[in-house]
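Me: I should like to learn how to read the features of a protein model. Please take me through them one at a time, with the general idea before the case.

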Amino acid sequence: MWAASCLASCCAACACDACRTVVSSISRRSARIAYCGLFALSLIVSWILREVAAPLLEKIPWINQFNETHNREWFETDAVLRVSLGNFLFFTILSVMMVGVKNQKDPRDSLHHGGWMMKVICWCLLVIFMFFVPNEIVTFYETISKFGSGFFLLVQVVLLLDFVHGWNDKWVGYDEKFWYVALFVVSLVCYLATFVFSGLLFHWFTPSGQDCGLNTFFIVMTLMCVFVFLIVALHPAVSGSILPASVISMYCTYLCYSALASEPRDYECNGLHKHSKAVSTGTLTFGLLTTVLSVVYSAVRAGSSTTLLSPPGSPRAGAGKPLLPLDKVDEHKEKEKSKPVSYSYSFFHIIFSLASMYSAMLLTGWSTSVGESGKLVDVGWPSVWVRMVTSWATAGLYIWSLLAPILFPEREF
């Protein structure tokens, strides 16, 4: 017994030392990766609790307050939402704390990049504390998560638009026949995929003998947007290109499919998932990986963006340089501290707050069960409308990106 106790103490000490080593090795450059890792950890914890926590939550009186015990799926959903709420509060608090950080001389710059042991402890305490809050708070968080998830998707749309315009400008900038042919081939493939996929949508979601006017409306609206993209992009007055139009068309078609696939399983017009009980593990895993990758991409794009960063009043390297520096070393240190931050810390954390909401909706199938019927609905109409509105917002933002330089020629876009 004494030997076992000593062994356990040694293992615990080694684990603590290992954690300290890892935490202390996080540098300024790797801080964003560390935040991404913490977000990934929250997804893993949510996944594990989703599978094992239901029997434990049933025994907690302030959670299981019902006259009749809800089925297991309700408690699985509740566990995911509570972990997500803790993760959301963690990144939201950091975002509020980082508002107005303009240069590395600000003490909050060190807080953003350092103090990782304390951050991990605070994150754990926040997640644990969420299992002591009333069900009503979790219900409210679930409701706002649907809207937060929509904002997260819109952020991805903005980044996608920036990417495809940059991609097109790069290939056109080469001004060589090969790259023009490559641009045409990629655009043609995207359009072929769009129209073939649209045909499959009609086949899957407008079965014969059923009144599927809503699904037909969604698909036709998406196809109309595809044609509008092409017409506007090729108009002589618009400096558009066929590549961004084709990529955005394919993405809008995918969002339409995602929305239709989220319709209730017993809906007569959902021919794809009719009679299936839940989202497959493969689909859910793919969605989680996509979420992690999209958040990492969002963080990288936020870090490299010059629009969100460095306000006009921020110090610049070399600005305010003294005529007679007393000490070159001190001058160099002062310059380093006075450098503008390379990205918006507040915006960076907001991305993770919204992603926490989105991941909760993904893991629970955009559930509407908490505090209501007690029956988990893996998919439903809220997710349908969130995704369709995202698709229409994508279309609107793309059209605006083409028309804005014409409507406001004096502004730089």
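Me: What percentage of the residues of the chain count as buried?

Reply: Burial is read from relative accessible area, and a residue under 20% counts as buried. In this predicted model, 42% of the 413 residues of the chain count as buried.

Me: How many helices and strands does the chain have?

Reply: There are 14 helices and zero strands. Read from the N terminus, every element is therefore written as α, since strands are absent. Contacts can also be sorted by separation along the sequence: of those with a separation of 6 or more, 78% join residues 24 or more positions apart.

Me: Which residues touch the most other members of the largest nonpolar core?

Reply: In soluble globular proteins, nonpolar side chains tend to be buried together. Here the largest nonpolar core holds 49 residues, and the members touching the most others are Tyr35, Leu57, Ile63, Phe75, Phe90, Tyr345 and Phe352. Two or more residues each come from helix 2 (31-52), helix 3 (54-57), helix 4 (72-97), helix 6 (116-129), helix 7 (135-174) and helix 13 (345-364). Helix 4 gives the largest share, 11 residues. Another core, of 24 residues, lies apart from this one and includes Leu160, Val164, Val247 and Ile399.

Me: What does leucine 57 touch, beyond residues up to four places away in sequence?

Reply: With those sequence neighbours left out, leucine 57 touches Ile63, Asn64, Phe75, Asp78, Ala79 and Phe131.

Me: At what angle do helix 4 and helix 7 pack?

Reply: An angle of 65 to 115 degrees counts as roughly perpendicular. The axes of helix 4 and helix 7 are 10 Å apart and the packing angle is about 75°, so the two helices are roughly perpendicular to each other. On the helix 4 side, the contact is made by Trp74, Asp78, Leu81, Arg82, Ser84, Leu85 and Phe88; helix 7 contributes Asn135, Ile137, Val138, Tyr141 and Glu142. By type, these residues divide into seven nonpolar, two polar and three charged.

Me: Is isoleucine 137 buried or exposed, or does it fall in between?

Reply: Isoleucine 137, which lies in helix 7, has a relative accessible area of 40% and is therefore partly exposed. Its C-alpha is 9.5 Å from that of leucine 85, although 52 residues separate the two in sequence.

Me: How do the axes of helix 8 and helix 9 cross?

Reply: Angles over 145 degrees count as roughly antiparallel. Helix 8 (residues 177-205) and helix 9 (residues 213-234) have axes that come within 10 Å and cross at roughly 170°, which means that helix 8 is roughly antiparallel to helix 9. The crossing is left-handed. Helix 8 takes part through Tyr191, Thr194, Phe195, Ser198, Leu201, Phe202 and Phe205, and helix 9 through Asn215, Thr216, Ile219, Val220, Leu223, Val226, Phe227 and Leu230. This contact comprises 11 nonpolar residues, four polar and no charged.

Me: Why does serine 346 count as buried?

Reply: The cut-off for burial is 20% relative accessible area. Serine 346 counts as buried because its relative accessibility is 16%. Serine 346 is found in helix 13 and touches Ser95, Met98 and Val99, leaving aside residues up to four places away in sequence.

How values were computed. Residues are numbered from 1 along each chain as its sequence is written. This is a predicted model: local features need pLDDT of at least 70, side-chain atom pairs count only at pLDDT 80 or more; totals for chains, interfaces and linings use all residues. Side-chain values use heavy atoms; hydrogens and water are left out. Axes are lines fitted to C-alpha atoms, for helices over the stretch in contact, and angles run from 0 to 180 degrees between N-to-C directions. Helices (H or I, at least four residues) and strands (E, at least two) are DSSP runs, numbered from the N terminus. Angles under 35 degrees count as roughly parallel, over 145 as roughly antiparallel, 65 to 115 as roughly perpendicular and the rest as oblique. A crossing is left-handed if the near helix is turned anticlockwise from the far one by less than a right angle, and right-handed if clockwise. Contact means heavy atoms within 4.5 Å. Ala, Val, Leu, Ile, Met, Phe, Trp, Tyr, Cys and Pro count as nonpolar, Asp, Glu, Lys and Arg as charged, and the others, Gly among them, as polar. A nonpolar core is a set of buried Ala, Val, Leu, Ile, Met, Phe, Trp, Tyr and Cys residues joined through side-chain atoms within 4.5 Å. Buried means under 20% relative accessible area, exposed over 50%, partly exposed in between (1.4 Å probe, protein chains only).
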